[in-house]
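Here are some exercises to help you find your way around a new structure. Try each task by yourself before you read the solution.

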Amino acid sequence: MFPRQFDYVAPTSLDEALQALADNPNAKVMSGGMSLIPLMKLRLFSPQLVVDIGRIPGLDGISDDGDHIAVGALVRHAQTASDPLVAANAAALAQAAAWTGDAQVRNRGTTCGALAHADIAADQPAGALACGATMVARSASGSREIAAADFFVDTLTSALNDDEILVEVRLPKAGAGEGSAYDKLGRRGGHSDYAVAGAAAWVRKANGTVAEARVALTGVGSKPTLAPAVAAAIVGTDGSADAVVAAAEHALEGVTVLEDLYGSEEYKAHLAKVYARRALTSALDAV
Ligand SMILES: Cc1cc2nc3c(=O)[nH]c(=O)nc-3n(C[C@H](O)[C@H](O)[C@H](O)COP(=O)(O)OP(=O)(O)OC[C@H]3O[C@@H](n4cnc5c(N)ncnc54)[C@H](O)[C@@H]3O)c2cc1C
């Protein structure tokens, strides 16, 4: 199917792109186009204007910015997956990027695009949630920071306003005793394609005890979400295999499970526990 007719601009500065969004309430940002174009062809999205940010210089870098790693708006999945700074500080996000789609998708789609898109079964939102990422949104009227925990609002809905561009995702620097990991069951089995269900985990151990944890689920509900009861259950334990199994049993507390074409509610509930356990185990192994 063809998309409805739309106008297209490809600004060469961020200010120009932000002004185009401010002037056109029915505009959509395009970065990699890996999700926007298919949805326009399906006519699920019909913007009057597409603002292609792909030609704006300075947005395609990953940098060490003191207390955090900054991943720019045009950083591709493949770049996030292979970058040593991301691997060292947010392994869960690096792994999620490495398992996003196929090689073509990873060389074209962007990490910020995958976050902004907020698909219920996307990989990188789970990594960003577990790693405690912060999103930096810019509009013509200014800039604001949004914690990952507040960013994923509903199906294909993030906390970004229509006139905002996600210009950067910030990943906290990993300290001593910290580790993170991501694992999923892809729709075609293995790790390829969107997650039937998946989980990312981040832990900090101190003096042999789990002092802090975050676990995030994807593919099981209407949005990628934190599973706070798993994190609460593992904190204060020694992080042993038994403690992880017991904690993962809490995966569904405070989480709404929804069936979809790829799994019943019961199957997704089962997978949420399995992948919470696997992600926690790998995160603890990485400490
Ligand atoms: C064949 C195929 C397989 C895929 N498999 C997977 C998979 O296994 N796992 C997975 O997680 N995803 C998968 N995807 C989706 C893919 O990762 C997309 O690249 C990603 O969802 C969107 O990134 P993008 O840069 O292409 O964004 P676009 O397609 O350009 O945009 C997507 C949405 O986000 C908005 N947007 C994009 N960038 C910004 C920004 N900087 N600021 C504000 N809004 C923005 C757009 O307006 C649009 O609404 C797959 C896609 C394809 C085509």
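A residue counts as near a molecule if its C-beta atom, placed from the backbone, lies within 6 Å of that molecule. Keep in mind that you're working with a predicted model.

**Exercise 1. Say which residues come nearest to the ligand, and which elements and domains supply the shell around the ligand.**

Step 1. Start with the residues themselves: 30 of them surround the ligand, and G32, M34, G101, G109 and G113 come nearest.

Step 2. Next, look for elements that give two or more residues to this shell: they are β2, α2 (36-41), α7 and β10 (165-172). The biggest giver is α7, with five residues.

Step 3. Now sort the shell by class: you get 15 nonpolar, 11 polar and four charged residues.

Step 4. Finally, check the domains. Domain 1 (7-52) and domain 2 (62-172) each provide at least three residues of the shell.

**Exercise 2. Work out whether T111 is buried or exposed, and find what T111 is in contact with.**

Step 1. Place the residue: T111 sits in helix α7, which covers residues 111-117.

Step 2. Count its surroundings. A residue is called buried when 20 or more other C-beta atoms lie within 10 Å of its own. T111 has 33 of them within that distance, so T111 is buried.

Step 3. List the contacts, skipping neighbours within four places in sequence: V71, V75, H77, T80, A97, Q124 and V169.

Step 4. Compare sequence with space. T111 and V167 are 56 residues apart along the chain, yet their C-alpha atoms are 11 Å apart.

**Exercise 3. Give the strand order of the three-stranded sheet, then find the helix that lies across β1, β2 and β3.**

Step 1. Read off the order: this open sheet runs β1-β3-β2, with parallel pairing. At its edges are β1 (7-9) and β2 (27-30), each pairing on one side only. Ignoring direction, neighbouring strands here are turned by 25° against each other on average.

Step 2. Zoom in on one pair. β1 runs parallel to β3 (residues 49-52), and three bridges join them. In this pair, V9 stands opposite V51.

Step 3. Add the helix: α1 (residues 14-23) lies across the three strands and runs at about 165° to β3.

**Exercise 4. Do the same for the sheet of five strands.**

Step 1. The order is β4-β5-β10-β6-β7, in an open sheet with antiparallel pairing. Its edge strands are β4 (62-64) and β7 (142-147), each with pairing on one side only.

Step 2. Take β6 (residues 134-139) and β7: they pair in the antiparallel sense over six bridges. One partnership to look for is V136 with E145 in β7.

Step 3. Helix α1 turns up again, packing on this sheet and touching β6 and β10. Its direction makes about 75° with that of β6.

**Exercise 5. Split the protein into domains, then explain why β11 is largely enclosed.**

Step 1. There are domain 1 (7-52), domain 2 (62-172) and domain 3 (178-285). The centres of domain 1 and domain 3, taken over C-alpha atoms, are 34 Å apart.

Step 2. Check burial in β11 (residues 178-186). Seven of its nine residues are buried, so the rest of the structure largely encloses this strand.

Step 3. Find its partner: β11 pairs with β12 (residues 195-206) in the antiparallel sense, over nine bridges. Here L185 stands opposite A197 in β12.

Note on methods. Residues are numbered from 1 along each chain as its sequence is written. This is a predicted model: local features need pLDDT of at least 70, side-chain atom pairs count only at pLDDT 80 or more; totals for chains, interfaces and linings use all residues. Two strands pair if DSSP finds at least two bridges between them. Helices (H or I, at least four residues) and strands (E, at least two) are DSSP runs, numbered from the N terminus. Axes are lines fitted to C-alpha atoms, for helices over the stretch in contact, and angles run from 0 to 180 degrees between N-to-C directions. Two residues are in contact if their C-beta atoms, placed from the backbone, lie within 7 Å. A residue is buried if 20 or more other C-beta atoms lie within 10 Å of its own, exposed if 12 or fewer, and partly exposed in between; C-beta atoms are placed from the backbone. Ala, Val, Leu, Ile, Met, Phe, Trp, Tyr, Cys and Pro count as nonpolar, Asp, Glu, Lys and Arg as charged, and the others, Gly among them, as polar. Domain bounds come from an automatic or database domain assignment.
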